[in-house]
Amino acid sequence: MAQDHAAPAPRKADIVPVAKHTGIDLLINGELFNHTGDPDMPLLWYLRDVLRLDGTKYGGEHGEGGADLVLVNGKATSAIGVPMGKLDGKQVVTVEGLADAKGGLHPLQQAFIDEDAIGCGYCTPGWLIASMDLLTRHKDPTDSDIDTLPNLCRCGCQTRVRSAIKRAAASMKQGTKA
Amino acid sequence: MSVDVQLSRRRFLQVLAGTAGALIVGVRTALATEPPVPLDMLGDTLYGLGVYVRIDADGDVVIGARDPDTGTGVATSLPRIIAEELDADWQRVRVVPLGLGVANGNGEPRWMYGQQVGGTGNSMPRAWRDLRSAGALARWLLMQAAAQQLGVPADRLHTEKGVVISPDGRRLTYGSLAAAAAKIAPPQNSPALKTPDRYTLIGQPADDVDAREIVTGQTPYSFDQHFGDAVVAVLTHCPWPDGQIAEKDYSAAMAVKGVLKVVELKPDPKLPPGQTVIAPAVAVIAETTWQALQGRRALKLSWKPGASGSESTAALEQQATSLLGSDSAPTTRIRDDGDVDKARRKTARRIDATYYQPWLAHAASEPMNCLVRLDKTGATLYVPTQSPQQAWTVVQRLTGLLPDQIDIRVPRIGGGYGRRLDHDYVAEAVLLAQAIDKPLRLFWPRDEDLTHDYYRSGCVHQFDAIIDNKRRILAWNQRVASASAQTGRGVSSDRLWTSEVDVNQLPAGFVPDYRSDWFSLASSLPRGPHRGMPHITNAFAVDCFIDEIAHALKEDPLDTRLRLIGDARLVPLQGGGAIDTARLTNVLKLVADRINWKNWLRSVNGLGIACWYVDGAYVAHAVEVSMQGEKLTIERVVCAVDVGRVINPKGLEGQIAGATLDALSTALNLAITVKDGKVQQSSWKDYPLASMAELPKTVEVITVPGEDDPTGASFLAMPSAAPALANAVFRVSAVRVRRLPLMKELLRLL
């Protein structure tokens with residue numbers, strides 16, 4: 001089973017251990033981290049430089065293209081646009097956290113493979129995150145819903161991403177029926 | 001074959017002895033992560049059957065991907081060709097990027113894998129020439145080993161899916177034969193290749209070999225590679241390649257926590273573009289990326305321009321129009337068939353048009369970056385490069401190391417488009433690593449990428465065509481002005497046009513009197529290779545102009561094209577080869593049928609069509625658009641391609657759909673403008689790639705099954721997409737867009 005990415009933010013009190021300490025506590029892909037460094041550091045560099053979770057990509061200083069999207073409390077958020085100081089008690093999911101603990105792919109990931117919704121692949125994690133956010137808000141997204149995705153792609157994967165989202169939506173509906 | 005195996009082993013032993021230290025050290029320490037590539041390809045547990053194939057005793061097959069994969073799918077399609085001839089079980093094949101194969105031949109580089117280059121459209125033709133025999137050779141060695149073990153002559157054995165089978169049904173797996181096969185001497189002549197009727201992989205759809213890792217965020221691009229102790233450099237370049245520092249104060253930058261050093265860099269004027277620093281620069285080196293970025297922000301720095309400070313794209317267009325408007329001789333008369341002047345004198349009708357296309361950047365997704373470790377006996381680099389051999393040249397010049405002391409690793413690349421055929425960023429990384437004497441990652445923030453590129457020159461196309469009273473195009477006169485991408489790159493002045501115009505481009509060879517002139521623009525803005533050039537700019541102008549001719553003749557533009565192409569025949573190309581008009585006509589008719597072209601006159605929506613020929617491949621687009629007020633909607637796009645034999649239909653379809661969208665996105669909105677020598681676009685906000693909503697919902701791809709040798713496909717679908725769009729826009733709006741980007745011009749003219 002895939003994780004429920006639309007899960008509400010955990011209350012601060014739910015996060016354990018509770019031993020008194022300083023810094024910023026956050027959950028990343030279900031794992032608790034404590035950051036005691038610069039609170040102004042954007043999440044992107046924490047993920048990449050500190051944790052070496054390199055799946056989330058650098059697009060630009062303004063989050064160009066959406067390659068740096070992650071889910072913060074279920075909502076697609078630019079990882080370069082959010083400083084660590086604003087993430088205390090938050091739940092972050094990156095592309096590495098989309099598959100289940102045993103490595104089973106989320107239907108959306110499988111749909112991206114099946115539809116070949118990949119060009120060079122650099123911006124793909126961002127498309128996955130934005131699509132995940134979309135699918136939690138719209139179980140059966142229309143073309144206009146899909147048009148709202150903020151991502152950009154130089155290789156031209158957009159039509160195949162559109163097919164992949166629809167395929168994933170259909171497969172997830174099947175999954176819930178079964 | 002043992003020769004090559006030994007060469008590989010020797011290299012491996014040298015590595016063990018510490019030549020390229022990091023290779024082993026990195027793997028053996030927890031500090032650095034290393035991909036399994038070199039060990040898998042060179043290690044002891046796998047038996048080498050040539051430089052591309054390794055087979056494990058348990059039957060796993062490792063196939064090396066020679067050419068860098070910038071998203072073109074060559075990391076899948078090239079190994080599929082080897083696996084086909086090897087008769088490997090694809091489920092057991094693991095593909096690894098090879099990195100640069102270079103050995104030391106008395107101080108000169110000896111390229112172990114031949115030419116290694118990606119994204120230039122020739123990976124597939126090269127692979128078809130030599131990689132098939134790499135697979136066939138490995139299979140031959142396995143069959144010899146099986147023959148010895150089974151006591152059956154090799155020519156009575158056959159293979160399938162990783163198993164050698166004898167006439168009496170005994171089966172030996174490749175894994176069990178690998179050790180023995182690796183000791184067998186190769187034959188004098190290459191073993192015979194399979195006949196196509198025996199193909200089981202070629203022609204069948206395959207997922208991208210990296211797909212699973214990509215969707216789980218596990219694919220390490222160069223920017224995701226780590227040396228445990230590497231520092232990070234970010235830099236800011238002078239807006240002018242020939243400018244210099246006016247005022248500076250680095251104290252605030254140095255005061256940022258973690259900042260180690262501020263280093264100034266300058267281009268080496270003796271070196272060609274792409275082999276040295278692109279413009280004067282100041283780099284901030286820090287312990288972490290975030291610290292380096294903060295340090296960069298804290299730089300107090302102002303620049304002053306050199307001579308290029310007076311340049312502008314507007315003035316360059318003026319220069320072009322005045323050159324084309326004058327009687328001055330062209331820089332090069334590229335082609336002059338028949339007698340255009342004579343045709344003009346007996347003119348029945350003359351049609352003129354001029355097209356304007358902007359400067360463009362590459363805008364690759366993965367930022368310019370390079371990770372480098374240097375010491376006295378070796379250099380190890382992770383480089384997103386389309387040409388590892390060129391990268392090697394740059395590193396060797398700056399370090400003076402021996403050929404095989406330079407280890408260039410090329411993971412999957414976040415887009416190239418020609419930008420990574422140049423290696424200014426590699427030169428910068430090496431210079432900075434030398435300055436700080438530490439392993440170092442260089443990375444360019446996005447604004448540096450757009451403002452410091454080897455741009456595609458803007459261009460002006462001026463046409464006149466002579467039409468007789470039977471509506472035949474008798475004469476075609478084409479005058480193009482642009483700044484050559486090859487200036488300063490060792491190309492003789494009479495060949496500078498080759499990056500700007502193709503001598504064989506349509507309709508050359510189809511019009512009795514045909515002339516093609518090129519005028520060189522003088523500009524100091526950096527230029528370089530750009531995806532699909534010279535086809536992109538020329539296809540747009542030519543395919544739109546043919547549409548204008550059709551309109552002037554009050555004719556269906558499909559009919560005009562079909563008449564121009566004419567009967568099924570081979571039209572010879574200058575320099576060899578020929579255009580097969582039947583194949584060109586076929587792709588045109590396929591897209592016309594699919595988009596229901598017979599309605600072109602009655603349709604409320606606008607239909608547009610275009611076709612092109614690229615190095616043995618044929619492409620056509622048909623586009624349907626609607627307009628409501630000022631809102632343009634691309635309703636449908638159909639593309640038909642004939643690339644000869646299709647290796648991986650799934651990969652090809654992705655390439656065709658992707659390149660179509662890239663071409664549309666570029667034509668709709670993109671332009672680089674320069675004022676006072678400064679590029680005015682610095683983020684994707686002002687260089688707006690098309691959004692999901694602006695692009696069509698699907699690209700309908702038709703691939704023609706073929707028997708001819710496969711061609712490249714990475715940019716094949718680009719040339720005809722934009723003119724088909726502009727032609728469709730004309731049908732729906734009656735506005736002829738002769739200037740790109742299209743949306744801006746359309747809104748101006750409406």
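This is a dialogue on reading chain folds, a chain interface and helix packing in a predicted model.

Colleague: Where should I start with chain B, and how many helices and strands are there in it?

Modeller: Start with the secondary structure: chain B has 20 helices and 31 strands. Then look at overall size. Chain B has a radius of gyration of 28 Å, close to the 27 Å that the globule rule gives for 750 residues, so chain B is as compact as a globular protein of that length.

Colleague: What box do the C-alpha atoms of chain B fill?

Modeller: Taken along the principal axes, the box is roughly 80 × 80 × 45 Å.

Colleague: What share of the residues of chain B count as buried?

Modeller: Burial is counted over the 750 residues of chain B, and 57% of them count as buried. Contacts can be read by sequence separation as well. Taking the contacts in chain B with a separation of 6 or more, 78% are between residues 24 or more positions apart.

Colleague: Now the interface. How many residues of chain A are in contact with chain B?

Modeller: Count each side separately: 45 residues of chain A are in contact with 53 residues of chain B. On the chain A side, at least two residues each come from α1 (43–50), α2 (107–114), α3 (124–137), α4 (143–147) and α5 (158–177). The largest share, 4 residues, comes from α5(A).

Colleague: How do the residues on that side of chain A divide by character?

Modeller: The side of chain A that touches chain B has 20 nonpolar, 13 polar and 12 charged residues.

Colleague: How do I read a helix pair, and at what angle do α2(A) and α3(A) pack?

Modeller: Take the angle and the axis distance together. For α2(A) and α3(A) the angle is about 130 degrees and the axes are 10 Å apart. An angle between 115 and 145 degrees counts as oblique, which makes α2(A) oblique to α3(A). Their crossing is right-handed. On α2(A), the contact is made by Leu108(A), Gln109(A) and Phe112(A); on α3(A), by Thr124(A), Leu128(A), Ser131(A), Met132(A) and Leu135(A). These residues divide into 5 nonpolar, 3 polar and no charged.

Colleague: And in chain B, how do α15 and α19 cross?

Modeller: Helix α15 (residues 535–552) and helix α19 (residues 721–733) of chain B cross at roughly 35 degrees, with axes that come within 8 Å. This crossing of α15(B) and α19(B) is right-handed. Among the residues making the contact are Phe540(B) and Asp543(B) of α15(B), and Pro723(B) and Phe730(B) of α19(B). The contact of α15(B) with α19(B) has 7 nonpolar, 1 polar and 2 charged residues.

Conventions
Residues numbered from 1 in each chain as written. Chains lettered and ligands numbered in written order. Predicted model: local features only at pLDDT ≥ 70, side-chain atom pairs only at ≥ 80, totals over all residues. Rg over C-alpha atoms; globule rule 2.2 N^0.38 Å. Buried ≥ 20, exposed ≤ 12 C-beta atoms within 10 Å, placed from the backbone. Contact = placed C-beta atoms within 7 Å. Nonpolar A, V, L, I, M, F, W, Y, C, P; charged D, E, K, R; others polar. Axes fitted to C-alpha atoms, helices over the stretch in contact; angles between N-to-C directions. Parallel < 35°, antiparallel > 145°, perpendicular 65-115°, else oblique. Left-handed = near helix turned anticlockwise from the far one by under 90°.
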